[in-house]
Amino acid sequence: MKQITLVCAAGMSTSMLVQKMKKAAEAQNLEVEIRATSESSFKEYADKTDVLLIGPQVGYLEGDFKAKYEPQGIKVSVINTMDYGMMNGEKVLADALAL
């Protein structure tokens, strides 16, 4: 089972996107666990994360997160701004699974 964690400033705006991603995963019969958290709380989920998606509003953290977590086998990427703004859960999920 893939475990995907979305990170944003407070973990609030990504919560809506997580719900849409979960619906898309259900529709495709995919076994994934998806959660949202704030960037300051991510370390609590690092051992339960295969893919870390960063909200565009905190995209400046990408370099730090890649340096710290990619050596641990966690794929790190910033969510496409347009997909985030449109809350396109299906596309964000597909992007995450393609990493």
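Phe65 and Tyr69 both lie in helix α2, 4 residues apart, which is about one turn of the helix. That pair is a good place to start working through this predicted model.

**Exercise 1. The aromatic rings**

Work out how Phe65 and Tyr69 pair, and which residues are linked with them into a cluster.

*Solution.*

Step 1. Take the ring geometry of Phe65 and Tyr69: the centres are 5.7 Å apart and the planes differ by 25°. Planes under 30 degrees apart count as stacked, so Phe65 and Tyr69 form a stacked aromatic pair.

Step 2. Check the surroundings of each ring. Tyr69 has 4% relative accessibility and therefore counts as buried. Phe65, at 8%, counts as buried too.

Step 3. Look for further pairs; the structure holds 3 aromatic pairs. One of them joins Phe42 and Phe65, with 5.8 Å centre to centre and 85° between the planes, an edge-to-face arrangement.

Step 4. Place that pair on the chain. Phe42 sits in the loop between β2 (32–38) and β3 (51–54), while Phe65 belongs to helix α2 (residues 62–69), so the pair ties together parts that are 23 residues apart in sequence. Phe42 has 0% relative accessibility, so this residue counts as buried.

Step 5. Put the pieces together: ring pairs link Phe42, Phe65 and Tyr69 into a cluster.

**Exercise 2. Two residues of one loop**

Decide for Tyr45 and then for Thr49: is each buried, exposed or partly exposed? Then list what each of them touches.

*Solution.*

Step 1. Locate the residues. Tyr45 is in the loop between β2 and β3, and Thr49 has its place in the loop between β2 and β3 as well.

Step 2. Apply the cut-off: buried means under 20% relative accessible area. Tyr45 is at 24%, so Tyr45 counts as partly exposed. Thr49 has a relative accessible area of 6% and is therefore buried.

Step 3. List the contacts, leaving out neighbours within four places in sequence. Tyr45 is in contact with Thr5, Arg35 and Thr37. Thr49 touches Gln3, Thr5, Arg35, Phe42 and Ile74.

Step 4. Look for a polar contact of Thr49. The side chains of Thr49 and Thr5 are joined by one of 2.7 Å.

**Exercise 3. A helix crossing**

Describe how α1 and α4 are arranged, and say which residues make the contact.

*Solution.*

Step 1. Recall what is needed: two packed helices are described by the angle between their axes and the distance between the axes.

Step 2. Read off both values. The axes of helix α1 (residues 13–27) and helix α4 (residues 89–98) come within 8 Å and cross at roughly 75°. That angle makes α1 roughly perpendicular to α4.

Step 3. Name the residues. From α1 come Leu17, Lys20, Met21, Ala24 and Ala25, and from α4 come Gly89, Glu90, Val92 and Leu93.

Step 4. Sort them by character: the residues of the contact divide into 6 nonpolar, 1 polar and 2 charged.

**Exercise 4. A glutamine after α2**

Find where Gln72 lies, and decide whether Gln72 is buried or exposed.

*Solution.*

Step 1. Gln72 is found in the loop between α2 and β4 (75–78).

Step 2. Relative accessibility is 52% for Gln72, so this residue counts as exposed.

Step 3. Check the side chain: a polar atom of the Gln72 side chain lies 3.3 Å from the backbone oxygen of Lys68.

Step 4. For a sense of position, compare Gln72 with Thr14. These residues are 58 residues apart along the chain, and their C-alpha atoms are separated by 24 Å.

Notes:
Residues numbered from 1 in each chain as written. Predicted model: local features only at pLDDT ≥ 70, side-chain atom pairs only at ≥ 80, totals over all residues. Heavy atoms only, no water. Phe/Tyr/Trp six-rings, centres within 6.5 Å; stacked < 30°, edge-to-face > 60°. Helix = DSSP H or I, 4+ residues; strand = E, 2+ residues; numbered from the N terminus. Buried < 20%, exposed > 50% of the residue type's maximum accessible area, 1.4 Å probe, protein only. Contact = heavy atoms within 4.5 Å. Polar contact = N/O pair within 3.5 Å; in protein donor to acceptor, adjacent residues only side chain to side chain. Axes fitted to C-alpha atoms, helices over the stretch in contact; angles between N-to-C directions. Parallel < 35°, antiparallel > 145°, perpendicular 65-115°, else oblique. Nonpolar A, V, L, I, M, F, W, Y, C, P; charged D, E, K, R; others polar.
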